[in-house]
Amino acid sequence: MKKIGLFYATKAERTSWVAEKIQKEFGEDKIEVVAIEQAWQNDFAAYDCFIVGASTWFDGELPTYWDELLPELRTMELKGKKVAIFGLGDQIRYPENFADGIGLLAEVFEGDGATLVGFTSSEGYTFERSRALRGNQWCGLVIDLDNQSEQAKKKIKEWCEQVKKEFA
């Protein structure tokens with residue numbers, strides 16, 4: 001089986017909540033958690049597949065811990081590696097840049113040659129713009145715990161089943 005790394009901010013409460021659900025769906029022995037706050041380029045080299053997660057801050061920005069790692073990430077060669085991205089956003093308070101963090105991460109990993117997997121439908125969301133959109137699909141899993149928390153567990157479960165197949 002391919003070695004899977006789950007990269008996210010372990011100190012970010014909501015992102016951690018989603019990541020813990022993802023880890024449970026995959027099976028805790030099938031996926032390794034890497035705290036993005038301490039991650040380096042060689043941490044990514046150790047895995048065949050990545051699941052990466054981040055919330056979107058302020059006006060469509062990545063959290064500081066990801067932002068600080070971006071220059072290093074942009075120098076990686078990830079051809080042949082698969083990346084699934086999850087992220088959080090608030091479609092009511094930030095409709096003009098909803099879940100942009102997912103799109104920002106997708107741009108970096110695609111630029112490094114990785115293959116994105118885990119695309120999901122944008123149906124059921126209300127927003128103006130998002131860098132996470134590719135046509136009518138998100139380039140990952142979008143969770144809005146502020147406005148659609150009742151849907152989160154189901155979306156996570158379905159996404160994990162999809163990503164498992166795409167990682168195979």
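**Group meeting: strand E3, its neighbours and two pockets**

Let me begin in the middle of the fold, where E3 and strand E4, residues 82-88, pair in the parallel sense over seven bridges. What we are looking at is a predicted model, and I will keep to what can be read from its coordinates. To place one of those pairings for you, Ala54 has Gly87 as its bridge partner in E4. Between the two strands the chain passes from E3 through helix H3, residues 64-73, to E4, and this β-α-β crossover is right-handed.

On its other pairing, E3 is joined to strand E1, residues 4-8, by four bridges, and these two strands also run parallel. Here Ile4 finds its bridge partner in E3 at Cys49.

How many of the seven residues of strand E3 are buried? The count is seven of the seven across residues 49-55, so the strand is largely enclosed by the rest of the structure. If we sort the side chains by direction, Cys49, Ile51, Gly53 and Ser55 point one way from E3, whereas Phe50, Val52 and Ala54 point the other way, and all of them are buried.

Staying with E4 for a moment, I would like to show you Leu88, which is found in that strand. Leu88 has a relative accessible area of 6%, and with buried meaning under 20%, it is therefore classed as buried. Leaving aside residues up to four places away in sequence, Leu88 touches Arg14, Thr15, Val18, Ala54, Ser55, Thr56, Ala99, Ile143 and Leu145. As a longer-range reference, Leu88 and Ile156 are 68 residues apart in sequence and 12 Å apart in space, taken from C-alpha to C-alpha.

One of those contacts, Ala99, brings me to the backbone. Most residues other than glycine have a negative phi. Against that background, Ala99 has a phi near 55°, a positive value in a residue other than glycine, and its place is in the loop between E4 and helix H4, 100-111. A second case is Phe58, with a positive phi near 50°, and this residue lies in the loop between E3 and H3.

Which of these two is buried, and which is exposed? Phe58, at 54% relative accessibility, counts as exposed, whereas Ala99 is buried, with a relative accessible area of 1%.

Let me now turn to the pockets. The largest pocket has a volume of about 310 Å³. Of the 17 residues that line it, the closest to its centre are Ser55, Thr56, Gly89, Asp90 and Asp146. You will recognise Ser55 from strand E3, where it is one of the buried residues, and both Ser55 and Thr56 from the contacts of Leu88. Sorted by class, the lining of the largest pocket has eight nonpolar, five polar and four charged residues.

The second largest pocket holds about 200 Å³ of space. Which elements give two or more residues to its lining? They are strand E6, 120-121, strand E9, 141-143, and helix H5, 152-167, and of these H5 gives the most, with five residues. The residues that line this pocket include Thr120, Ser121, Leu141, Val142, Lys154, Lys155, Glu158, Trp159 and Gln162. By class, its lining has five nonpolar, three polar and four charged residues.

Strand E6 also belongs to a sheet, an open one of three strands in the order E6-E8-E7, with antiparallel pairing. The edge strands are E6 and strand E7, 133-134, each of which pairs on one side only. Two bridges join E6 to strand E8, residues 137-138, and the two run antiparallel. Ser121, which we have just met in the pocket lining, has Gln137 as its bridge partner in E8.

I will finish with Thr115, which is found in strand E5, residues 115-117. This residue is partly exposed, with a relative accessible area of 41%. Apart from residues up to four places away in sequence, Thr115 touches Lys81, Lys82 and Val83. For the first of these, Lys81, the C-alpha atoms are separated by 6.3 Å, although the two residues are 34 apart along the chain. With Lys82, that contact takes us back to E4, the strand of residues 82-88, and so to the parallel pairing with E3 from which we started.

Terms used. Residues are numbered from 1 along each chain as its sequence is written. This is a predicted model: local features need pLDDT of at least 70, side-chain atom pairs count only at pLDDT 80 or more; totals for chains, interfaces and linings use all residues. Side-chain values use heavy atoms; hydrogens and water are left out. Buried means under 20% relative accessible area, exposed over 50%, partly exposed in between (1.4 Å probe, protein chains only). Two strands pair if DSSP finds at least two bridges between them. A crossover is right-handed if, with the strands pointing away from the viewer, the path from the first strand over the helix to the second runs clockwise. On a 1 Å grid over the protein atoms alone, a cavity is a set of points where a 1.4 Å probe fits but cannot get out, and a pocket is an open set with protein on both sides within 12 Å along at least five of seven lines; lining residues have an atom within 4 Å of a point. Grid points are joined across faces, edges and corners, and a volume is the space filled by probe spheres set on the points. Ala, Val, Leu, Ile, Met, Phe, Trp, Tyr, Cys and Pro count as nonpolar, Asp, Glu, Lys and Arg as charged, and the others, Gly among them, as polar. Contact means heavy atoms within 4.5 Å.
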